[in-house]
Every structure is written in structure tokens, then in C-alpha cells.
Amino acid sequence: MNRIDELFARKQKNVLTIYFTAGFPQLHDTRRILKALQDAEVDMVEIGIPFSDPLADGPVIQQSSKQALDNGMSLRLLFNQLRDVRREIHIPLILFGYVNVVMQFGIERFLDTCAEIGIDGLILPDLPLDEFTHEMASLCADRQVHFSFLITPETSEPRIRALDEASSGFLYVVSSSSTTGKRKDLSAMQPYFQRIQQMQLKNPFLVGFGIHDSMSFQQACQYSNGAVVGSAYIRALQEVHDRNVERVTRDFVAYILQPIRSTF
Amino acid sequence: MSIEYRVGGIAPSILRLAKPGQYQVDEKGYYGQFGGAFIPEMLYRNVAELREKYLTIMQEPEFQREFTQLLRDYVGRPSPLYLARRLSEKYGAQIFLKREDLNHTGAHKINNTIGQILLAQRLGKKRIIAETGAGQHGVATATVCALMGMECVVYMGELDMQRQAPNVARMRMLGAQVIPAMSGSRTLKDATNEAIRDWVNHPEDTHYIIGSVVGPHPYPDMVARFQSVISAEIRQQLLEKTGSELPTHVLACVGGGSNAAGAFYHFLDHISVQLIAVEAAGEGINSGRSAATTVLGRPGVIHGSKTLLMQTDDGQIIEPYSLSAGLDYPGIGPLHAHLHQTGRATYLQATDQEALDAAFELTQLEGIIPALESAHALAKLKDLELKPEHVVVVCLSGRGDKDMDTYLRYLPKEFRTEI
Ligand SMILES: Cc1ncc(COP(=O)(O)O)c(C=O)c1O
């Protein structure tokens with residue numbers, strides 16, 4: 001069974017997913033960060049494949065991608081770093097990247113490698129639904145690699161249904177139309193999250209973009225199955241001057257989760 | 001001379017629905033294997049709205065009337081087709097210059113921005129964003145925004161703001177906010193990234209006026225249609241001047257490829273016409289400082305479109321280089337990728353130096369200072385093996401005012417007057 005499905009079978013609320021950019025802050029931090037996140041009891045991790053021109057990302061993730069590429073990160077190197085990751089990491093892992101990098105690697109080879117390593121899911125925000133259906137859907141299904149589409153407040157109801165149908169694992173609900181890392185007050189978005197919940201979709205859904213503290217995490221989780229935190233964690237990693245990724249990660253996760261643990 | 005846009009067999013292309021031809025975009029937004037709409041969901045609604053409405057809006061009689069009227073009375077179309085006598089003598093063929101440099105704002109870019117601002121109004125948009133390289137598209141966008149009283153934000157690479165400073169000043173005077181793009185090589189690609197991100201963050205009220213035949217479907221087709229007025233006029237003007245609508249060669253420079261798309265458009269199905277597109281080779285194709293996409297690129301996705309793209313094995317986009325800010329782009333529009341792949345058009349490359357030489361030559365022979373971009377097209381006249389019976393049209397996409405700093409820096413000795 002895919003680890004994402006196992007996770008949602010076990011836990012339907014407050015699922016915490018954390019994003020980080022592979023190769024940042026240091027080229028070979030990938031495994032160390034994964035271990036730190038798992039030890040901090042994060043439920044799932046999104047590993048960002050750095051890209052030179054990340055259109056959906058705000059300045060923080062752009063900067064981390066640039067630094068990762070300057071450090072020498074590539075998809076091939078990332079796969080090498082992850083080769084035996086399943087010896088120590090047991091939480092679900094998702095790769096987040098832009099379609100050009102995957103296309104150059106070769107879609108089938110990419111999916112084969114994901115399956116070999118034990119990658120559970122994919123998010124490629126600039127891959128159109130049509131292309132996915134024709135080029136990737138069955139290849140993903142054969143390898144039990146899930147694929148999550150994004151929806152936004154602008155996505156029409158029929159399209160939400162179509163994207164939910166094509167997705168597996170979970171649906172990624174973008175908190176408002178924006179690039180990543182815009183801090184915002186999510187209270188105004190509650191009707192939107194509630195509407196999604198009431199649609200009774202096939203997949204669980206996670207809310208992402210702009211979640212940066214316990215308050216926004218809580219708001220994002222009210223009607224959803226959980227939330228994704230990205231830029232705020234990258235910012236915390238930027239500030240690791242003593243290279244103590246473990247402590248920073250532990251503190252960061254505690255900061256995001258604390259009020260939740262007492263509220264729910 | 002007055003050209004009635006609706007005369008003869010060359011009624012404006014934008015009136016017609018794309019006829020399914022091998023060089024027209026298909027219903028999925030592809031030219032052969034190139035094109036599509038590789039956009040994040042945040043842009044889906046806006047791009048889908050555009051896709052569903054652009055052809056209908058462009059065919060409305062009222063739209064047509066306003067568009068053609070503005071092109072005539074505001075832009076100054078038709079732009080002359082000028083038989084360049086001394087240039088013709090030098091190269092031994094009849095060489096015509098399509099004078100897009102004489103348009104209001106000084107380049108072909110305004111044909112597209114007039115069309116898109118009228119479209120944006122009909123879509124109920126209040127705010128306009130654009131990217132710009134040489135600043136010509138930014139100026140053309142700021143101009144139509146001033147004309148229509150709309151808010152205008154232009155993204156421009158910080159390096160380009162330095163090398164095309166006069167255009168930054170013009171945009172500001174026209175009321176546009178010019179925001180420097182600081183990432184990457186701080187040029188056109190990076191400005192386009194920032195414009196797309198702005199659109200992601202403003203999905204409600206904003207229309208993105210893309211400046212070339214790039215971006216997600218329907219942009220490449222829409223921009224090509226607005227620019228197709230160039231070849232519609234060429235045909236009619238050639239008929240009057242030579243007795244035949246068809247030249248033997250059409251040359252145009254390619255950054256994203258909009259002036260070339262416009263100059264080629266009505267000749268695409270006439271295979272007797274050689275279509276020649278000229279890319280920027282910068283300091284040399286293999287110098288590592290170049291923007292020669294068809295030579296150095298492979299299929300990939302940039303700015304929402306699958307096309308030829310300069311990139312590393314890992315799929316990272318390579319920072320291009322050209323002395324000319326308008327050609328300094330690591331991709332080309334998907335129509336051009338298709339024309340290249342099918343062999344319908346020939347893609348040549350001109351270095352910075354060749355372009356400079358051609359600019360000085362045109363200035364000396366014809367008294368016309370071309371934009372550095374357009375000079376790339378002129379630079380390939382010498383490579384064409386021309387014959388006296390050849391009728392060559394060069395799309396002079398813009399004028400060189402914005403490039404004076406660069407030209408003065410590279411001025412050949414014989415141009416330097418004694419003080
Ligand atoms: C005068 C001129 N010609 C050509 C170009 C290149 O654009 P395109 O290839 O879309 O015609 C530019 C772009 O800024 C320009 O200003």
C-alpha cells in the first residue's frame with residue numbers, strides 16, 4: 001500500500017506536510033533534513049526539485065532553488081542521495097518539481113526511479129491535466145506513484161471534480177491565488193475550504209501556500225485533512241548558522257504544531 | 001497610399017478562424033509537437049477564458065473596426081514598404097524594407113498591444129501587466145494603457161533597464177510602473193517570469209499582454225494574428241510595386257518571434273516564398289554567450305509552452321546572451337519551433353558584430369538607423385546568394401533610437417567625425 005494512503009487511513013486531521021528544496025542550504029543536506037523532519041514527527045515531506053525558473057514560487061523558494069543549483073544540485077544527484085532512503089525514512093515522500101526537468105530526465109525513467117526509491121507521490125504544478133492523462137496517468141498507476149493536482153479559489157466546480165478524479169493520494173488546495181510564500185490571513189478563506197470539504201471529493205485534501213505559523217496552520221486545517229508548510233521552513237533553514245538542522249527543524253515543527261496539540 | 005484592410009484575397013487574417021493548415025495552431029493549442037499550455041492551476045481560469053474568447057472577440061465587427069482604425073490613425077499604418085535602392089545595388093537583388101520602425105512608438109510591438117488592450121477591455125480587465133526586453137514592448141504597452149486609461153505595470157530585467165534606458169524613461173513618462181527583474185541574468189526571461197508571477201497573484205482584474213509569440217496557448221496564435229497585419233500589407237504593397245504579391249524571400253529577426261511570425265504569416269502556405277528567421281548568436285554560436293535557440297536548444301517547456309529551449313542536460317534553462325536586449329531569450333515561440341522542425345522556415349544566426357556592421361551599413365546606405373534587433377535580419381543579406389530577379393523583404397522591426405548608447409560605443413572609425 002502506498003504510504004500516502006496508509007497515512008490518511010490512519011490520520012484524517014492536521015496532517016503536517018513540510019516542503020524543502022533539495023540541495024539547500026547545503027548540497028548534501030537532503031538526508032539529514034529528511035531524518036530531522038521524521039524525528040520531529042512530521043507526517044509527510046515534499047522534496048522540491050530545484051528549477052532555474054520556478055514560476056509558481058515566490059522569492060524565498062526561488063532563492064533556495066537558485067542556491068541549490070549553485071551548490072550543484074540536479075535531479076540525477078537527488079536520486080542518488082535518495083537511493084537507499086527507505087532504510088531510515090518511513091514517512092511518505094513526495095517530489096515537487098517543474099515539468100521541464102522531468103521531461104529532460106525522461107518521464108518513464110523518472111517514474112521508474114521514483115518507484116525504485118520509494119517515492120509515494122508527485123506534484124508537477126505546470127503539467128496540464130490533458131498531458132497528465134495521456135502521458136503519465138497509467139505509468140503512475142502501474143508503479144503506485146500518486147499524483148496530486150493543485151486547485152485554487154478560481155477553479156470551477158466541474159474542474160475541481162476532474163482534477164480530483166485524476167489525482168490520487170490527496171488533492172492540493174492552494175490557499176489563495178498566489179505564488180508560494182505570501183503570508184496571509186486565512187480566515188477569509190474558510191468558506192472556500194468548507195466548500196471543498198462539502199464536495200465530498202474522492203481524495204483527502206491538504207491546504208498549502210502561505211502557511212507560516214500555528215495560527216495559519218490551524219486555519220488551514222479546520223476543514224481540510226492537513227496543511228503544507230514550505231517557505232516558512234526554508235526561511236528557518238536559512239537561519240541555521242550553526243548548521244544544527246536538527247534543532248531548527250524540531251523547534252520549527254513545535255512552533256507550527258503547538259496550539260493544535262492543545263486545541264484538538 | 002492607403003490600404004483598405006479588407007480588400008482582395010488578403011482580408012486581415014484576424015477576421016478568419018484558423019483554417020486547419022499545417023502551420024496553424026490546432027484545437028489543442030499545438031503547432032505539431034510544440035505549444036500547449038503548461039501553466040500552474042493559478043493561471044488556468046484566465047488562460048482558459050482567453051482561449052475560449054479570443055477568436056470570437058477578434059471577429060466582432062466592432063473590434064475589427066476599432067482595431068483597424070487605431071492601426072491606421074494612431075499607429076500610422078500601413079507602414080511603408082520601401083525599396084532600398086543602395087542596399088539593393090550592394091546585394092544585387094530588389095530589397096524592400098517593411099518599415100515597422102515608422103510605427104508610433106518605433107517598432108512592430110504596438111500592432112499586438114493595440115489588439116490586446118482592446119481584448120482586455122472586452123474581458124473587463126482593469127490592470128495590465130507586461131514583460132519587456134528592449135523596452136519596445138513595454139513602451140507599446142504603456143502607450144496603449146495611457147490611451148485607454150488603464151493601470152500598467154511593466155517588468156524589465158535590471159540589465160535591460162540599463163542598456164535600454166531611454167525606453168525606461170518613456171514608459172515612466174507614459175505612466176507605467178517599471179519593476180526591475182533581479183533574478184537570473186536580469187533580462188527578458190526573468191522579466192517574463194516576474195510578469196507571470198504577478199498574474200498568478202492577481203487573477204481577478206489583470207490581463208497579461210505578452211509581447212511575443214510565446215507563452216501558453218492561445219498567446220502564440222493571438223499575437224501572430226495581431227502581427228499578421230505586417231504580411232497582409234506586404235502582399236498588397238508588393239502587388240502594387242512589382243505586380244506580384246509574393247516575394248522570393250522574407251527575412252526577420254527572432255527573439256520570441258513576433259515580428260517574424262507577422263511577416264511570415266500570409267506566406268506560410270506559399271512554399272515558393274523562402275522564409276528566413278535570424279536569431280542572435282551573441283559572441284558566436286558556440287561561445288557560451290549566445291541566444292541561438294534553434295542550434296543550441298532542445299524541446300522543453302518555458303513560460304507555459306513546449307518549444308525549443310536552451311537548457312542543460314538537467315533541464316535547467318540556460319541564461320542566454322545577446323548584445324540586443326530584444327533577442328536575448330533562451331527560447332522561441334512554438335510556431336517557430338514547428339517551422340524550424342518542418343523546414344518551412346530557415347533559421348540563421350547573426351553575431352553581435354555582424355548585427356552592428358549591418359546597422360552601420362544601413363545607416364550609411366539608406367539613412368535609416370535600425371533597431372539592433374532588426375539589424376540581425378539585415379546582417380544575413382550577405383549570406384543569401386541573391387540574384388537580380390530576387391524580391392527580398394526585410395522586416396525592419398524597429399528603429400535604433402533606443403540603441404544609440406550601444407551604437408556610439410561600437411562606432412566604426414569612419415563614422416567618427418573630427419572634433
Ligand atoms: C525592434 C524589435 N525587433 C524585434 C524584437 C524581438 O521580438 P520578436 O522576436 O517577438 O519580434 C524586439 C523585442 O524587443 C524589438 O524591440
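A polar contact is a pair of N or O atoms within 3.5 Å. The views below come from a predicted model.

**View 1. Polar contacts of the ligand with B:N259, B:G257 and B:S212.** At B:N259, a backbone N or O atom lies 2.8 Å from an oxygen atom of the ligand. This pair counts as a polar contact because its distance falls within 3.5 Å. B:G257 also uses its backbone: one of its N or O atoms is 2.7 Å from a ligand oxygen atom. B:S212 takes part through its side chain, with a polar atom 2.5 Å from an oxygen atom of the ligand. The protein buries 98% of the 390 Å² that the ligand exposes when taken alone.

**View 2. The shell of residues around the ligand.** The ligand is surrounded by 18 residues, and the closest are B:S212, B:G255, B:G257, B:S258 and B:S397. Which classes make up this shell? There are 11 polar residues, five nonpolar residues and two charged residues. As for its location, the ligand sits in the largest cavity.

**View 3. The interface between chain A and chain B.** Here 38 residues of chain A are in contact with 32 residues of chain B. The size of an interface is often given as the accessible area lost when the parts come together. For chain A and chain B the buried area is about 2800 Å², with 51% of it on carbon and sulfur atoms. Which residues of chain B lose the most area to chain A? They are B:E41, B:M42 and B:R197, which together account for 24% of what the chain B side buries.

Note on methods:
Residues numbered from 1 in each chain as written. Chains lettered and ligands numbered in written order. Predicted model: local features only at pLDDT ≥ 70, side-chain atom pairs only at ≥ 80, totals over all residues. Heavy atoms only, no water. Near = heavy atom within 4 Å. Polar contact = N/O pair within 3.5 Å; in protein donor to acceptor, adjacent residues only side chain to side chain. Areas by Shrake-Rupley, 256 points an atom, 1.4 Å probe, with all protein chains shown as cover. 1 Å grid on protein atoms, 1.4 Å probe; cavity = no way out; pocket = protein on both sides within 12 Å on 5 of 7 lines; lining within 4 Å. Sits in = over half its atoms within 2 Å of the grid points. Nonpolar A, V, L, I, M, F, W, Y, C, P; charged D, E, K, R; others polar. Contact = heavy atoms within 4.5 Å. Buried area = accessible area lost by both parts, 1.4 Å probe.
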